[in-house]
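Let's take a walk through this model together, one stop at a time. Have the sequence and the 3D view ready.

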Amino acid sequence: MSATEQIEIRRLGVTEVQAQLDGLAAILVDCVAGGASVSYLAPFSHEQARAAFEAVAVEIEQGRRLLLGAFANGDLVGTVHLILALPPNQPHRAEIAKLLVHRSARRRGIAELLMAGAEAEARAEGKTLLVLDTVTGDDAERLYQRLGWMRVGVIPGYALYPDGRPCDTTIFWKALQH
Ligand SMILES: CC(C)(COP(=O)(O)OP(=O)(O)OC[C@H]1O[C@@H](n2cnc3c(N)ncnc32)[C@H](O)[C@@H]1OP(=O)(O)O)[C@@H](O)C(=O)NCCC(=O)NCCS
């Protein structure tokens, strides 16, 4: 991060998601093109990515999910989802998903700031337990361990990389202090 770079993390409401669809899609397309296993297979187009965020906007409107954006000097460079819609017997829990930082903005601490923002939002929603899963052995796994997440274990062959190769998944949890 340069001394003058301003990073802002903020919640994106429905209107802003709709206004930022191209920027959001660009981040998702870039991460999938970079080989990230985040639900999608190659080839993954800008239009498919826009459609994915249109669906996210519907969930935000329904209160089922929150989306945080990271802005570097005003440009959208990263996102993370906080999933709130869980079964009635898990009202205290939320899930973190799709922590994404554009390849051009990595290794500047933006993911760490997004995770801090997601935890703050979860606390504000009254949540006391967070869960996430991530590809075993990738950069994100190191990040979560550094941020104090508890590693449960590995599920072999849980998902696929964009090119169709299988990848293992590590499950993490974190208790939130109030
Ligand atoms: C995982 C991911 C979100 C990390 O994003 P990021 O913004 O680069 O993360 P951070 O900058 O917070 O940390 C990454 C590394 O940069 C280092 N770093 C942070 N700030 C730094 C700085 N100012 N100077 C140098 N290094 C720095 C961190 O220590 C960390 O080092 P490590 O990899 O050796 O542990 C990003 O690689 C990504 O989008 N990957 C593809 C999608 C994905 O797999 N997401 C996870 C799905 S659950």
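Being 3 residues apart in helix 5, by about how much of a helical turn are Asp139 and Arg142 separated? The answer is about one turn, because they sit 3 residues apart in that helix, which covers residues 139-146. Keep in mind that what you're looking at is a predicted model. Asp139 and Arg142 also form a salt bridge, with their closest N and O atoms 3.0 Å apart. Both of these residues are exposed.

Why would two such side chains team up? Side chains of opposite charge can pair when their charged atoms come close. A search of the whole structure turns up 14 salt bridges, so let's visit a few others.

Take Arg108 and Glu5, whose side chains meet in a salt bridge at 2.5 Å, N to O. Arg108 lies in the loop between strand 4 (93-101) and helix 4, while Glu5 lies in the segment before strand 1 (7-11), so this pair ties together parts that are 103 residues apart in sequence. How do the two partners fare for exposure? Arg108 has 25% relative accessibility, so it counts as partly exposed. Glu5, at 11% relative accessibility, counts as buried, because the cut-off for buried is under 20%.

Another pair to find is Asp22 and Arg50, which form a salt bridge with their closest N and O atoms 2.9 Å apart. Here the link runs between two helices: Asp22 lies in helix 2 (residues 21-33) and Arg50 in helix 3 (residues 46-61), so parts that are 28 residues apart in sequence are tied together. Asp22 is partly exposed, with a relative accessible area of 42%. Arg50 is partly exposed too, with a value of 27%. And if you'd like a group rather than a pair, look for Glu8, Arg10 and Glu16, which are linked in a network of salt bridges.

Now head for the ligand. Which residues come closest to it? They are Leu99, Val101, Arg107, Gly109 and Arg142, out of 20 residues that surround the ligand. You've met Arg142 already, as the salt-bridge partner of Asp139. Zoom in on the oxygen atoms of the ligand and you can pick out some polar neighbours. A polar backbone atom of Gly109 is 2.7 Å from a ligand oxygen, and a polar backbone atom of Val101 is 2.9 Å from a ligand oxygen. With Arg106, it's the side chain that takes part: one of its N or O atoms is 3.3 Å from an oxygen atom of the ligand. Taken alone, the ligand exposes 950 Å², and the protein buries 76% of that.

While you're at the ligand, stay with Arg107. This residue lies in the loop between strand 4 and helix 4. At 78% relative accessibility, Arg107 counts as exposed; that accessibility takes only the protein chains as cover. There's also something to notice in its backbone: Arg107 has a positive phi of about 60 degrees, although it is not a glycine. Why point that out? Most residues other than glycine have a negative phi, and most peptide bonds are trans.

Asn73 goes against that habit as well, with a positive phi near 50 degrees in a residue other than glycine. You'll find Asn73 in the loop between strand 2 (65-72) and strand 3 (75-83), and at 48% relative accessibility it counts as partly exposed. For a peptide bond that isn't trans, go to the step from Ala42 to Pro43, which is cis, with omega near 0 degrees. Pro43 is in the loop between helix 2 and helix 3.

Next, follow helix 4 (residues 110-124) along to Glu121. Is Glu121 buried or exposed? At 17% relative accessibility, Glu121 counts as buried. Leaving out residues up to four places away in sequence, Glu121 touches Arg11, Leu66, Leu68 and Leu82.

Our last stop is on the surface. Met150, Val152 and Trp173 form a nonpolar patch there, with about 290 Å² of accessible area together. Trp173 belongs to strand 7 (residues 166-175). At 35% relative accessibility, Trp173 counts as partly exposed.

Terms used: Residues are numbered from 1 along each chain as its sequence is written. This is a predicted model: local features need pLDDT of at least 70, side-chain atom pairs count only at pLDDT 80 or more; totals for chains, interfaces and linings use all residues. Side-chain values use heavy atoms; hydrogens and water are left out. Patches are made of residues with over 30% relative accessible area and no salt bridge: like charges are joined within 9 Å, nonpolar side chains (Val, Leu, Ile, Met, Phe, Trp, Tyr) within 5 Å. Accessible areas come from the Shrake-Rupley method with a 1.4 Å probe; for residues, only the protein chains shown count as cover. A salt bridge is a side-chain nitrogen of Lys or Arg within 4 Å of a carboxyl oxygen of Asp or Glu. Helices (H or I, at least four residues) and strands (E, at least two) are DSSP runs, numbered from the N terminus. Buried means under 20% relative accessible area, exposed over 50%, partly exposed in between (1.4 Å probe, protein chains only). A residue is near a molecule or strand if one of its heavy atoms lies within 4 Å of it. A polar contact is a pair of N or O atoms within 3.5 Å; within protein, one must be able to donate a hydrogen and the other to accept it, and residues adjacent in sequence count only if both atoms are side-chain atoms. Contact means heavy atoms within 4.5 Å.
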